[in-house]
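Thanks for making time this morning. Please have the sequence and the model open while I talk.

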Amino acid sequence: MSQYQRLLLIINPALRQSQAISHAAALAKASGASLHIAALIPSLDMLSLLEEGDREKARENYLQDHRDWLKAQAKNLRGRGIDVTTEVVWADDMKQDILDHVTEMQLDLLIKEVQHASTLRRAFFTPLDWHLLRHCPVPVYLVGGSGYVLPRKVVAAVEVSDTESSDNELNDRIIKQASSLAIQCDAELHLLHACDISAGYLADMGGLTLADLTKALRRDLEKSFLKLAGRFGVPSERRHFIQGHPVSALSEFANEHHVDVIVMGKVQSHGVNKLLGSTTEHILYQVPCSVLAV
């Protein structure tokens with residue numbers, strides 16, 4: 001039985017060339033899930049300049065145009081055997097409206113296209129996608145890149161340590177989610193850990209050289225990684241223990257290996273600090289593929 005029964009796709013109907021509908025439809029078809037497409041439209045400030053009667057007419061005409069377009073999209077999807085429903089509504093609070101949809105519809109997965117935001121803008125405003133990663137109670141599938149509508153290569157990005165930690169439960173969820181996705185889409189499943197051993201992490205470890213400590217810690221981390229990979233039966237050629245900062249290392253790997261989806265945890269820990277979602281959030285703007293956050 002598929003892990004997905006009900007999917008919600010959030011779209012901006014003004015972006016009609018988006019690949020989000022194709023990706024969501026392909027996943028719904030592969031998993032046998034129902035798909036609800038919600039076109040949430042932010043209020044148009046320019047309409048406030050119109051007289052009240054003209055404003056209401058303009059609002060309704062704008063909505064109807066998008067309803068007609070989405071209705072045609074849904075008809076095509078039903079012709080492919082996909083159970084799809086649609087709605088087009090105004091959104092006064094985009095973040096809260098999306099979260100309300102998720103709660104009310106009891107979904108298994110939220111799908112949305114990555115909404116790129118500049119570094120300067122992110123410094124002052126928290127992007128909508130970051131809000132969803134932090135507060136959405138179900139996995140979030142953020143569509144990015146221009147690859148296949150159904151993934152052919154799925155990478156589970158895990159965090160390992162040299163001791164038992166709370167990351168183990170999250171790792172299990174990441175790998176199970178990635179494995180199920182790969183099975184449903186007939187894709188390859190890969191397991192990856194980006195090993196980032198900083199000098200600060202080793203600063204208090206007296207008695208040995210920094211090189212010795214780095215080598216020993218790397219060996220322990222790799223042992224934990226291989227143990228995890230073995231527990232889930234990941235073939236040796238699909239295990240990737242790589243060196244570097246997680247964001248840059250994952251980005252380079254995704255580019256070089258033509259990854260379609262990276263599955264990550266919404267909460268990732270690195271070294272002695274735990275950063276809430278930072279790697280997953282910043283990955284959105286770096287990798288040429290989709291991200292599934294668990």
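**Loops, helices and spaces**

Histidine 258 is exposed, because its relative accessible area is 63%, over the 50% cut-off. Keep in mind that this is a predicted model.

Where does histidine 258 sit? Find the loop between α8 and β9, residues 261–264; histidine 258 is there. Its backbone deserves a look too. Histidine 258 is not a glycine, yet its phi is positive, about 55°. As a general background, most residues other than glycine have a negative phi. The position of histidine 258 is just after α8.

So let's step back into that helix. Helix α8 runs over residues 246–257, twelve residues. From first C-alpha to last, α8 reaches 16 Å, close to the 16 Å expected at 1.5 Å a residue. Which residues of α8 are buried? They are Pro246, Val247, Ala249, Leu250, Ser251, Phe253 and Ala254. Here is a general point for reading such a list. An α-helix has 3.6 residues a turn, so residues three or four places apart point the same way. Try that on the model, with Pro246, Ala249, Leu250 and Phe253 among the buried residues of α8.

Now a second case of positive phi. Aspartate 186 is not a glycine, and its phi is near 55°, a positive value. Aspartate 186 lies in the loop between α6, residues 167–185, and β7, residues 188–195. Buried or exposed? Aspartate 186 is exposed, because its relative accessible area of 72% is over 50%.

One more loop residue. Serine 236 is in the loop between α7, residues 210–231, and β8, residues 239–243. Serine 236 has a relative accessible area of 57%, so it counts as exposed, the cut-off being over 50%. How far is serine 236 from leucine 226? In sequence, ten residues; in space, 8.8 Å, C-alpha to C-alpha.

**Helix α1**

On to α1, residues 20–31. This helix has twelve residues and reaches 17 Å from its first C-alpha to its last. That is close to the 16 Å expected at 1.5 Å a residue. How many residues of α1 are buried? Nine of the twelve, so α1 is mostly covered. The buried residues are Ala20, Ile21, His23, Ala24, Ala25, Ala26, Leu27, Ala28 and Ser31. Just after α1 comes glycine 32, with a positive phi of about 70°.

**The spaces inside**

Next, the empty space. Rolling a probe the size of a water molecule over the atoms shows where empty space is left.

The largest pocket holds about 800 Å³ of space. Its lining has 33 residues. Which of them lie nearest its centre? Asn12, Leu15, Lys112, Gln115 and Leu128. Several elements give two or more residues to this lining: β1 (6–11), α1 (20–31), β2 (34–42), α2 (52–79), α3 (94–105) and β4 (109–113). The largest share comes from α2, with four residues. By class, the lining divides into 21 nonpolar, seven polar and five charged residues.

Take Asn12 from that central group. Asparagine 12 is in the loop between β1 and α1. It is partly exposed, because its relative accessible area is 37%, between the 20% and 50% cut-offs. Which is the more striking figure for you, sequence or space? Asparagine 12 and glutamate 113 are 101 residues apart in sequence, and 9.0 Å apart in space, C-alpha to C-alpha.

Now the cavities. The structure holds two cavities of 30 Å³ or more. The second largest has a volume of about 40 Å³. What lines it? His23, Leu27, Tyr141, Val149, Leu150, Pro151 and Cys185. That lining has six nonpolar residues, one polar and no charged. His23 and Leu27 are also on the list of buried residues in α1.

**The whole protein**

Last, the overall numbers. The protein has nine helices and twelve strands. Of its 294 residues, 48% are buried. Among contacts with a separation of 6 or more, 78% are between residues 24 or more positions apart. The protein exposes about 15200 Å², and carbon and sulfur atoms supply 50% of that area.

Technical notes:
Residues numbered from 1 in each chain as written. Predicted model: local features only at pLDDT ≥ 70, side-chain atom pairs only at ≥ 80, totals over all residues. Heavy atoms only, no water. 1 Å grid on protein atoms, 1.4 Å probe; cavity = no way out; pocket = protein on both sides within 12 Å on 5 of 7 lines; lining within 4 Å. Points joined across faces, edges and corners; volume = space filled by probe spheres on them. Nonpolar A, V, L, I, M, F, W, Y, C, P; charged D, E, K, R; others polar. Buried < 20%, exposed > 50% of the residue type's maximum accessible area, 1.4 Å probe, protein only. Contact = heavy atoms within 4.5 Å. Areas by Shrake-Rupley, 256 points an atom, 1.4 Å probe, with all protein chains shown as cover. Expected span 1.5 Å × (residues − 1).
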